[in-house]
Amino acid sequence: MDDNKMVAGKVKKPGKRGRKPAKIDLKAKLERSRQSARECRARKKLRYQYLEELVSSKERAICALREELEMYKQWCSAMDQGKIPSEIKALLTGDDQKLPQGGSSTKTSKNSKNSISSNV
């Protein structure tokens with residue numbers, strides 16, 4: 001009785017319990033492993049492509065924001081010198097069509113310019 005253990009009144013024999021695993025074909029196992037590795041590399045490649053695209057889009061957004069910030073700095077320095085940029089005049093007069101091009105103002109906005117510049 002040295003090899004056997006008593007558990008809850010039953011005699012246990014040493015060794016593994018349950019069914020023994022069936023003999024797995026070694027070649028099939030290696031092929032499944034290779035296939036799994038290929039799929040893992042493909043997923044990794046897709047993940048890195050996604051992350052690279054994400055980084056490049058964020059970098060483009062940062063560049064656009066820096067350009068916008070530089071534009072606002074130029075507007076502020078112009079206003080500090082007593083000049084009102086035409087883009088701001090277009091905003092104040094509600095002339096949204098002139099804003100994207102940064103073009104010249106209309107006659108109605110010239111009247112507004114005088115009233116704005118007199119307030120500054």
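This report describes the fold, the charge pairs and the buried sites of one protein chain. The model is predicted.

**Overall make-up**

The chain holds three helices and two strands. Read from the N terminus, the order of elements is β-β-α-α-α. Both strands therefore come before the helices in that order. Burial is limited to 10% of the 120 residues. The accessible surface of the chain is about 11100 Å². Carbon and sulfur atoms contribute 54% of that surface. Among contacts with a separation of 6 or more, 15% join residues 24 or more positions apart.

**Helix H1**

Helix H1 covers residues 26-80. How far apart are its end C-alpha atoms, and what span should its 55 residues have? The end C-alpha atoms of H1 are 80 Å apart. At 1.5 Å a residue, the expected span is 81 Å, so the two values agree. After H1 comes Gly 82, with a positive phi near 90°.

**Charge pairs in H1**

Side chains of opposite charge can pair when their charged atoms come close. The whole structure contains two salt bridges. Glu 31 takes part in one with Arg 34 and in another with Arg 38. The N to O distances are set out below.

| Salt bridge | Distance, N to O |
|---|---|
| Glu 31 – Arg 34 | 3.7 Å |
| Glu 31 – Arg 38 | 3.1 Å |

Glu 31 and Arg 34 both sit in H1. They are three residues apart, about one turn of the helix. Are these side chains buried or exposed, or in between? Glu 31 has a relative accessible area of 39%, so it counts as partly exposed. Arg 34 is partly exposed too, at 45% relative accessibility. Arg 38 stands at 39% and is likewise partly exposed. Through shared partners, the salt bridges join Glu 31, Arg 34 and Arg 38 into one network.

**The loop after H1**

Pro 85 lies in the loop between H1 and H2. Its relative accessibility is 12%, under the 20% limit, so Pro 85 counts as buried. Which residues does Pro 85 contact, leaving aside neighbours within four places in sequence? They are Trp 75, Ala 78 and Met 79. Trp 75 is ten residues from Pro 85 along the chain. The C-alpha atoms of Pro 85 and Trp 75 are 6.3 Å apart.

**Helix H2 and a buried lysine**

Helix H2 takes in residues 86-93. Which residues of H2 are buried? They are Ile 88, Lys 89 and Ala 90.

Lys 89 deserves a separate look. Lys 89 is buried, yet has no salt bridge. Its nearest side chain of opposite charge is that of Glu 87, 9.0 Å away. A salt bridge requires a nitrogen-oxygen distance within 4 Å, so this pair does not count as one. What lies 3.4 Å from a polar atom of the Lys 89 side chain? It is the backbone oxygen of Ile 84.

Gly 94 follows H2. The phi of Gly 94 is positive, near 80°. H1 is likewise followed by a residue with positive phi, Gly 82.

**In brief**

Two salt bridges are found in the whole structure, and Glu 31, Arg 34 and Arg 38 form one network through them. Lys 89, in H2, is buried without a salt bridge. Pro 85, in the loop between H1 and H2, is in contact with Trp 75, Ala 78 and Met 79.

Notes
Residues numbered from 1 in each chain as written. Predicted model: local features only at pLDDT ≥ 70, side-chain atom pairs only at ≥ 80, totals over all residues. Heavy atoms only, no water. Helix = DSSP H or I, 4+ residues; strand = E, 2+ residues; numbered from the N terminus. Buried < 20%, exposed > 50% of the residue type's maximum accessible area, 1.4 Å probe, protein only. Contact = heavy atoms within 4.5 Å. Areas by Shrake-Rupley, 256 points an atom, 1.4 Å probe, with all protein chains shown as cover. Expected span 1.5 Å × (residues − 1). Lys, Arg positive; Asp, Glu negative; His and termini not counted. Polar contact = N/O pair within 3.5 Å; in protein donor to acceptor, adjacent residues only side chain to side chain.
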